[in-house]
Amino acid sequence: MSDNKAQAEGARWQMWPLYAAGFTTAFGAHAVAANLVFDLDDLANSLLYLGLLLALYDGAEVLLKPVFGTLADRIGAKPVLLGGLVAFAAASFLFVVVADTDWLWLARLGQGAAASAFSPAASSSVARLTRKGKHGSAFGTYGFYKSLGYTLGPLLGGVIVWMGGLTLLFAVMAVLALVVAIWAKVVVPALPPLPRARQTVVDLARRLSDRQFLGPTAALAASTAALSVGVGFLPVAGVDAGLGPIATGAAVSVLALCAAFAQPRAGRALDAGKITVERGVAWGLVVTAAGLALAMIPGLVGILTAAVAVGIGTGIITPLGFAALAASTPEERMGQTMGAAELGRELGDAGGPLIVAGVAAVATLTAGFGVLAVITLLIGADSARQRNVRS
């Protein structure tokens, strides 16, 4: 019994650099994005260029995550993980060296491309290093630290920019990525690529169109869409209701914290057999849809309750969705699956705000929240239907 306990403890220590990698990609995305305008006065009058800088990081991830996920299966996850972290540090250090805002676009593109490598490599490593029946807890913890990066990025990034501008922020990110890379090099075991049967394009399409992939990925995309809308549009609703920046900022913080703390609890509940993936995902989507509906209520009460519900709902969905993908994927294709699932999340991240903004442009922001709530509820109903079919 003591030997088993020691092995489990060792496995947990091997996971910490992977959690740190998740924190790094989230921190890198939000720390810069939230503080560009404050440091770059010349960009404040160029919204198009500012929008390009914000889109480069996520755009690179959308295009490259499936590619690097497949590469992790082919050569092993650890080389892709380490290479991505080192590349992230190099892209960050590039801006420190040139110290010229005209080259900021290249640094952000490089960071996004590097994150596209180490993010799916980290999540596939989490899946492979976790024994069957414990994926919920592992992905719950991974999601907690990633959410922590999203939460602390704007705050810590703002403090760092205040102290030394964007140059200092990029220096901090370079050091962070290098430290995590060294930590992972020492602690994370090498997971050799497993023998794989030859896969044609038709085989890949068939596997990625299977219900076991599409169901969890659709839920993850819907949760990310709601989270992105909450972060982006709840402050707008607050301003429309006459609330100040403190109240709207608090609502976003509440949303992020609820999402962070719900993930480990949902994962542990799955591993303990208290919930199933289908039931948990369905309820998570219902709670998320309810949160979007609550956002239609004007005033502080509506915004805060919406933040709590969206945070809890998305926090339930995320670890369960990834645990379901890990359980249904052959280990030799884990990187490919995680990369494709991350692509689904990125599309949700972009699609949610586009849907709400599009509806708001022809109607109202309230209607935009309502439309996304209905879409989320429909996905939840489909998940519940699948649970009934299986039972």
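How many helices and how many strands are there in the protein? The protein has 13 helices and zero strands, and what follows describes a predicted model. Read from the N terminus on, the elements therefore appear as an unbroken run of α symbols, α-α-α-α-α-α-α-α-α-α-α-α-α, with each helix being a DSSP run. Of the 391 residues in the protein, 48% are buried, and among contacts between residues at least 6 apart in sequence, 84% join residues at least 24 apart.

**Confidence in the model**

- The average pLDDT of the protein is 83, and 85% of the residues score at least 70.
- Confidence is highest in helix α4, at a mean of 94, and lowest in helix α7 (residues 201–208), at a mean of 55.
- Over residues 1–10 the pLDDT stays under 50, and for this stretch the model has zero contacts beyond four places in sequence.

**The nonpolar cores**

- The largest nonpolar core holds 55 residues, and those that touch the most other members are Leu18, Leu81, Phe139, Leu169, Phe170 and Met338.
- Two or more residues of this core come from each of the elements α1 (2–33), α3 (47–75), α4 (77–98), α5 (104–129), α6 (135–187), α8 (211–240), α11 (300–328) and α12 (334–362).
- Helix α6 gives the largest share of this core, with 13 residues.
- A second core, separate from this one, has 18 residues, including Leu234, Ala237, Ile303 and Ala307.
- Once residues up to four places away in sequence are left out of the count, Leu81 touches Leu18, Ala21, Phe118, Ala121, Ala122 and Ala184.
- As background, nonpolar side chains tend to be buried together in soluble globular proteins.

**Two helices with different outlines**

- Helix α5 has 26 residues and reaches 37 Å from its first C-alpha to its last, which is close to the 38 Å expected at 1.5 Å a residue.
- Because 21 of its 26 residues are buried, α5 is largely enclosed by the rest of the structure.
- Helix α6 spans only 20 Å between its end C-alpha atoms, whereas a straight helix of 53 residues would span 78 Å at 1.5 Å a residue.
- At Gly164, α6 bends by about 125 degrees.

**Aromatic pairs**

- A search of the whole structure finds nine aromatic pairs, and one of these is formed by Phe88 and Phe118, which meet edge-to-face with 5.9 Å from centre to centre and 85 degrees between the planes.
- This pair links distant parts of the chain, since Phe88 is in helix α4 and Phe118 is in helix α5, 30 residues apart.
- Is Phe88 buried or exposed, and what of Phe118? Both Phe88 and Phe118 are buried.
- Phe144 and Phe261 also form an edge-to-face pair, because their ring centres are 5.4 Å apart and their planes stand at 65 degrees, where an angle over 60 is what counts as edge-to-face.
- Phe144 lies in helix α6 and Phe261 in helix α9 (residues 245–271), so this pair ties together parts that are 117 residues apart in sequence.
- Phe144 has 15% relative accessibility and therefore counts as buried, while Phe261, with a relative accessible area of 43%, is partly exposed.
- Trp16, Tyr19, Phe144, Tyr145 and Phe261 are linked into a cluster by ring pairs.

**Two buried residues and their surroundings**

- Thr24 is found in helix α1, and because its relative accessibility is 1%, Thr24 counts as buried.
- Which residues is Thr24 in contact with, leaving aside its neighbours within four places in sequence? Thr24 is in contact with Phe88, Phe118, Leu176 and Val180, and Phe88 and Phe118 are the two rings of the aromatic pair described above.
- Ile317 lies in helix α11 and is buried, with a relative accessible area of 0%.
- Setting aside its neighbours within four places in sequence, Ile317 is in contact with Ala219, Leu220, Ser223, Val281, Gly284, Leu285 and Thr288.
- Although Ile317 and Ala222 are 95 residues apart in sequence, their C-alpha atoms are 9.3 Å apart in space.

How values were computed:
Residues numbered from 1 in each chain as written. Predicted model: local features only at pLDDT ≥ 70, side-chain atom pairs only at ≥ 80, totals over all residues. Heavy atoms only, no water. Core = buried A, V, L, I, M, F, W, Y, C linked by side-chain atoms within 4.5 Å. Buried < 20%, exposed > 50% of the residue type's maximum accessible area, 1.4 Å probe, protein only. Helix = DSSP H or I, 4+ residues; strand = E, 2+ residues; numbered from the N terminus. Contact = heavy atoms within 4.5 Å. Phe/Tyr/Trp six-rings, centres within 6.5 Å; stacked < 30°, edge-to-face > 60°. Expected span 1.5 Å × (residues − 1). Bend = angle between axes of the 7 residues up to and from the residue. pLDDT = per-residue confidence, 0-100.
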